[in-house]
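Visitor: I'm new here, so could you walk me through this one and tell me how each label is earned?
Guide: Happy to. Have a look first, then ask away.

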Amino acid sequence: MSSIERPIPPLNADERTTLESWLDFHRTTLAMKCEGLDDKQAATTSVPPSDFTLIGLVQHMAEVERNWFRRVFAGEQAPPIHDPQADPSAPDGGWELADGATLHGALTTWQSEIAHARAHCADRALTDTGRFMDQDVNLRWIYVHMIEEYARHNGHADLLRERIDGATGV
């Protein structure tokens, strides 16, 4: 049983509450998939030849949070987290594990990026825009994209966790 509380999104709420609740639901799901693992387990790769790991997935989601909410929506010049020399316009990084990478470190960085995202969105309308690929993109679109991104990767996390210790569900 998980010690992390994951509330079900409200069944009858306004649009913003619905979007933010589903995004938080998926963020919490990823945290639950990592719960109780040590660094060696969280660095276990999926299936050869892939080097996909839960630590890498959490690192990647920190990069995705940073890209969409800080760079795209807020217009910050935030460099990539895990490879500062990487092209920030190619936000698909974070997968590679540096020597000494830990699950705790990855989760802490990811939670920090989530806090930045929440702060950037708190007083903004769903129709407020940032810039992506030389076009305006509104917060509503970013929220929907992030829900999709987490949902897809949580499926990957399900399979990784089952490979690590047989845990399923959540």
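**Labels and how they are earned**

Guide: Let's begin with the cysteines: going by sulfur atoms within 2.5 Å of each other, the count of disulfides comes to zero. And keep in mind that this is a predicted model.

Visitor: What makes Cys-34 count as buried or exposed?
Guide: Its relative accessibility is 3%. Buried means under 20%, so Cys-34 counts as buried.

Visitor: And how do you know which label Cys-121 gets?
Guide: Same kind of check. Cys-121 comes out at 2% relative accessibility, and the cut-off for buried is under 20%, so Cys-121 is buried too.

Visitor: Let me step back. What is the chain built from?
Guide: Five helices and two strands. Going along the sequence, they come in the pattern α-α-α-α-β-β-α.

Visitor: Why is the chain called as compact as a globular protein of its length?
Guide: Set two values side by side. The radius of gyration is 16 Å, and the globule rule gives 15 Å for 170 residues; those are close, so the chain is as compact as a globular protein of that length. If you'd like a box to picture, the C-alpha atoms fill one of roughly 45 × 45 × 25 Å along the principal axes.

Visitor: How much of the chain is buried?
Guide: Buried residues make up 39% of the 170. As for the surface, the chain exposes about 9200 Å², with carbon and sulfur atoms supplying 53% of that.

Visitor: What share of the contacts links residues 24 or more positions apart?
Guide: Looking at contacts with a separation of 6 or more, 71% of them are between residues at least 24 positions apart.

Visitor: Where do the charges sit, on average?
Guide: There are 15 positive and 27 negative charges, and their mean positions are 2 Å apart.

Visitor: Now the loop between S1 and S2. What makes Met-133 worth a stop?
Guide: Met-133 has a positive phi of about 50° although it is not a glycine. Most residues other than glycine have a negative phi. You'll find Met-133 in the loop between strand S1 (129-132) and strand S2 (135-138).

Visitor: Which residue shares that loop and also has a positive phi?
Guide: Asp-134. Its phi is about 60°, and it isn't a glycine either. Asp-134 also lies in the loop between S1 and S2.

Visitor: How do you know whether those two are buried or exposed?
Guide: Exposed means over 50%. Met-133 is at 64% relative accessibility, so Met-133 counts as exposed. Asp-134 has 71%, so Asp-134 is exposed as well.

Visitor: Why does Ser-21 get the label it has?
Guide: Ser-21 has a relative accessible area of 19%, and buried means under 20%, so Ser-21 is buried. Ser-21 sits in helix H1 (residues 15-34). Apart from residues up to four places away in sequence, Ser-21 touches Pro-9 and Pro-10.

Visitor: What makes Glu-65 buried?
Guide: Its relative accessible area is 0%, which falls under the 20% cut-off, so the label is buried. Glu-65 belongs to helix H3 (residues 54-73). Beyond its neighbours within four places, its contacts include Arg-27, Trp-110, Met-146 and Tyr-150. Glu-65 and Met-146 are 81 residues apart in sequence, yet 8.1 Å apart in space, C-alpha to C-alpha.

Visitor: How do you know which label fits Tyr-143?
Guide: Tyr-143 has a relative accessible area of 4%; set that against the limit of under 20%, and Tyr-143 is buried. Tyr-143 is in helix H5 (residues 139-165). Leaving aside neighbours within four places, its contacts include Arg-16, Leu-19, Phe-69 and Cys-121.

Visitor: Why is Ile-81 called partly exposed?
Guide: Its relative accessible area is 23%, and partly exposed is the label between 20% and 50%, so that is what Ile-81 gets. Ile-81 lies in the loop between H3 and helix H4 (103-121). Setting aside neighbours within four places in sequence, Ile-81 is in contact with Ala-62, Glu-63, Arg-66, Thr-109 and Glu-113.

Methods:
Residues numbered from 1 in each chain as written. Predicted model: local features only at pLDDT ≥ 70, side-chain atom pairs only at ≥ 80, totals over all residues. Heavy atoms only, no water. Helix = DSSP H or I, 4+ residues; strand = E, 2+ residues; numbered from the N terminus. Rg over C-alpha atoms; globule rule 2.2 N^0.38 Å. Buried < 20%, exposed > 50% of the residue type's maximum accessible area, 1.4 Å probe, protein only. Contact = heavy atoms within 4.5 Å. Areas by Shrake-Rupley, 256 points an atom, 1.4 Å probe, with all protein chains shown as cover. Lys, Arg positive; Asp, Glu negative; His and termini not counted. Charge placed at Lys NZ, Arg CZ, Asp CG, Glu CD.
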